[in-house]
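Trainee: I would like a close look at one part of this model, the packing between helices. Please go through the pairs one by one and name the residues involved.

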Amino acid sequence: MSANLMSLGGLAIAIGMLVDASVVVVENVVSHLAHAPPERSKLQIVFDAVREVARPVTSGIVIIVIVFLPLLTLEGLEGKLFKPVALSIVFALSGSLVLALTVIPVAGSVLLGRTAHRDPWLVRQAQRLYAPLLERALDSPKAVAAVAVLLLAAATGAYLATGKTFMPTMDEGDLIMQLEKLPSISLDASNELDQRIQKAILAQVPEVTNIVARTGADEIGLDPMGLNQTDMFMVLKPRTEWRTPDKDSIIDSLRAVMAAFPGVNFTFT
């Protein structure tokens with residue numbers, strides 16, 4: 001379900017990019033139709049307008065596709081989660097690029113006419129700020145390059161200082177030990193064994209203050225578990241009262257306790 005939801009999210013992003021690419025094409029077509037000489041044919045005007053923005057639109061789509069390609073190399077849980085969204089985005093963006101450069105121009109040549117065109121107020125205000133900055137940047141290419149190099153160095157330093165765990169470990173403060181006994185065990189025998197394990201843990205692991213156990217499936221039935229499977233939720237003392245500040249030491253102590261109960265498989269979450 002999570003992978004499907006992420007695929008839908010990736011598809012939504014791709015649809016947004018399709019709208020953006022189409023808007024760029026339509027906006028340029030409208031601008032050319034408004035300012036082109038009247039003797040030029042409409043198809044030629046649309047062709048020139050699309051050709052003018054074809055390279056930047058293609059570059060923008062290709063850059064986004066390249067960003068998501070490394071997700072296709074992930075394996076395990078990360079791969080199952082992120083490969084569908086990466087594939088959805090790659091396929092949808094590729095299709096959106098084809099539509100923006102083929103269907104949209106054809107539709108524009110049929111539906112759009114030669115009308116007056118003027119940039120919106122917000123665009124005009126943005127150009128008033130952008131044009132002087134662009135001229136100053138073009139007049140000082142060395143300063144712009146130096147600032148870009150400094151920003152790249154800062155980004156590199158931040159990247160090296162950032163943790164590289166792709167799927168961080170979720171720690172809610174407590175521990176769950178999952179027990180699995182022989183499939184043929186009865187409910188009474190399973191509960192009796194669980195109680196002996198709980199008493200041994202409370203006696204030998206002082207960091208554990210309380211244990212709540214659940215054997216078998218829950219009332220709703222969303223978690224299919226047999227009578228031989230038990231989840232033990234262990235409530236721990238505050239970290240300041242632990243013998244060592246590392247939770248792995250508590251797990252090692254629990255493993256030592258479980259060594260006295262052969263035939264019981266156990267895992268921790």
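Mentor: What follows takes the chain as a whole, then the helix pairs, with a few single residues placed along the way.

The model is a predicted one. Its protein chain has eight helices and four strands, and along the sequence these run in the pattern α-α-α-α-α-α-β-α-β-β-α-β. Of the 269 residues in the chain, 28% are buried. The exposed surface of the chain comes to about 17600 Å², with 66% of it supplied by carbon and sulfur atoms. Counting contacts between residues at least 6 apart in sequence, 70% join residues that are at least 24 apart.

Two numbers describe a pair of packed helices: the angle between the axes and the distance between them.

Start with helix 2 and helix 3. Their axes come within 10 Å and cross at roughly 175 degrees. Helix 2 is therefore roughly antiparallel to helix 3, since the angle is over 145 degrees. On the side of helix 2, the residues that meet helix 3 are V50, A54, V57, T58, I61, I64, V65 and F68. Helix 3 answers with A86, I89, V90, L93, S96, L97 and L101. Sorted by class, this contact holds 13 nonpolar residues, two polar ones and no charged ones.

G60 also belongs to helix 2, which spans residues 42-68. With a relative accessible area of 28%, G60 is partly exposed, as the value lies between the 20% limit for buried and the 50% limit for exposed. The C-alpha atoms of G60 and L97 are 9.7 Å apart, while the two residues are separated by 37 places in sequence.

Next come helix 3 (residues 76-101) and helix 4 (residues 103-111), which pack at an angle of about 30 degrees with their axes 3 Å apart. Because angles under 35 degrees count as roughly parallel, helix 3 is roughly parallel to helix 4. V98, L99, A100 and L101 make the contact from helix 3, and V103, I104 and P105 make it from helix 4. The class count here is seven nonpolar, no polar and no charged residues.

Two residues of that contact, A100 and I104, are also touched by S22, leaving out residues up to four places away in sequence. S22 sits in helix 1, residues 2-35. Its relative accessibility is 11%, so S22 counts as buried.

The last pair is helix 7 (residues 187-204) with helix 8 (residues 247-258): the angle is about 135 degrees and the axes are 10 Å apart. That angle makes helix 7 oblique to helix 8. The crossing of the two is right-handed. From helix 7 the contact uses I197, A200, I201 and Q204, and from helix 8 it uses L254, V257 and M258. Six of these residues are nonpolar, one is polar and none is charged.

Helix 7 also contains Q198. At 18% relative accessibility Q198 counts as buried, because the limit is under 20%. Apart from neighbours within four places in sequence, Q198 is in contact with I211, A213 and M232.

To put the orientations side by side: helix 2 is roughly antiparallel to helix 3, helix 3 is roughly parallel to helix 4, and helix 7 is oblique to helix 8. As for class, charged residues are absent from the contact of helix 2 with helix 3, from that of helix 3 with helix 4, and from that of helix 7 with helix 8.

Notes:
Residues are numbered from 1 along each chain as its sequence is written. This is a predicted model: local features need pLDDT of at least 70, side-chain atom pairs count only at pLDDT 80 or more; totals for chains, interfaces and linings use all residues. Side-chain values use heavy atoms; hydrogens and water are left out. Axes are lines fitted to C-alpha atoms, for helices over the stretch in contact, and angles run from 0 to 180 degrees between N-to-C directions. Angles under 35 degrees count as roughly parallel, over 145 as roughly antiparallel, 65 to 115 as roughly perpendicular and the rest as oblique. A crossing is left-handed if the near helix is turned anticlockwise from the far one by less than a right angle, and right-handed if clockwise. Contact means heavy atoms within 4.5 Å. Ala, Val, Leu, Ile, Met, Phe, Trp, Tyr, Cys and Pro count as nonpolar, Asp, Glu, Lys and Arg as charged, and the others, Gly among them, as polar. Buried means under 20% relative accessible area, exposed over 50%, partly exposed in between (1.4 Å probe, protein chains only). Accessible areas come from the Shrake-Rupley method with a 1.4 Å probe; for residues, only the protein chains shown count as cover.
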